[in-house]
Amino acid sequence: MIQGSGYPSRLVDFLLQSVEEVEKNKTDLRGLSLALLFSFYQWPDAALTLYTDLSDQNPQDKLLLAYLGDAQTLAGRLEDAHRTYSKALQSDPNDAYFLQKRGAVSARLRKYDEAVQDLSSALAVTPEDSALHFQIGSLYESQKLNQDAIESYRTVVRLNNNPALVAGATNNLAWLLSQDEKTLPEALESAKKAFELAVPNPR
């Protein structure tokens, strides 16, 4: 049932570990239920208080750290979120889930070198993750590192395991390749492919 819930697989792992942790520590889960409700309705400040308290009670609980970091990010407390994800990585520096989360926050904090390092480390663990390749491609593109961005987007297209990302990557490739006369033919091919992949407007 849990495996088919739509949760990222790593979060499912955290959930199973969390059940053991809260049972061991006899944590009152009513606070977690309320925090999840606040998060659902996008009331991050209310959720933050509860997540912080629960995380203090269960400092090794990665599910709570994931929720806390997300709530901090939603509330715009990016430095706090960076520290939370870093704390989660202390026990496993190669955890791709938290590397991706910290990388995304680092990018928003304009710590671009750190962001690239975290996302690259996450990719070393999960090289077939199209979302990560797209994310680092977008980061490269924002820094005008067009060739690196092109390679990342090409990887998304080659992996071909997420139709929406393939469409986005193909569209981005068409634009980036059009910036150089030498790659104009490939840009045109990518543009045609992007048009074919575009979701039709139902109206």
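**Reading a helix pair and two loop residues**

Lys-62, Leu-65, Ala-66, Asp-70 and Thr-73 of α4 touch Tyr-97, Phe-98, Lys-101, Val-105 and Arg-108 of α6. Contact here means heavy atoms within 4.5 Å. This is a predicted model, where local features need pLDDT of at least 70, side-chain atom pairs count only at pLDDT 80 or more, and totals for chains, interfaces and linings use all residues. Residues are numbered from 1 along each chain as its sequence is written, and side-chain values use heavy atoms, with hydrogens and water left out.

User: What kinds of residues make up the contact of α4 with α6?

Analyst: Five are nonpolar, one is polar and four are charged. Ala, Val, Leu, Ile, Met, Phe, Trp, Tyr, Cys and Pro count as nonpolar, Asp, Glu, Lys and Arg as charged, and the others, Gly among them, as polar.

User: At what angle do α4 and α6 pack?

Analyst: Two packed helices are described by the angle between their axes and the distance between the axes. Here α4 (residues 62-74) and α6 pack at about 15 degrees, with axes 12 Å apart. That makes α4 roughly parallel to α6 (angles under 35 degrees).

User: Which non-glycine residue in the loop between α6 and α7 has a positive phi?

Analyst: Most residues other than glycine have a negative phi. Arg-110 has a positive phi of about 65 degrees. Arg-110 sits in the loop between α6 (96-108) and α7 (112-125).

User: Is Arg-110 buried or exposed?

Analyst: Arg-110 is exposed, at 64% relative accessibility (exposed means over 50% relative accessible area, buried under 20%, with a 1.4 Å probe and protein chains only).

User: Where is Lys-144?

Analyst: Lys-144 lies in the loop between α8 (130-142) and α9 (146-159). Lys-144 has a positive phi of about 65 degrees. Lys-144 is exposed, at 68%.

Terms used:
Helix = DSSP H or I, 4+ residues; strand = E, 2+ residues; numbered from the N terminus. Axes fitted to C-alpha atoms, helices over the stretch in contact; angles between N-to-C directions. Parallel < 35°, antiparallel > 145°, perpendicular 65-115°, else oblique.
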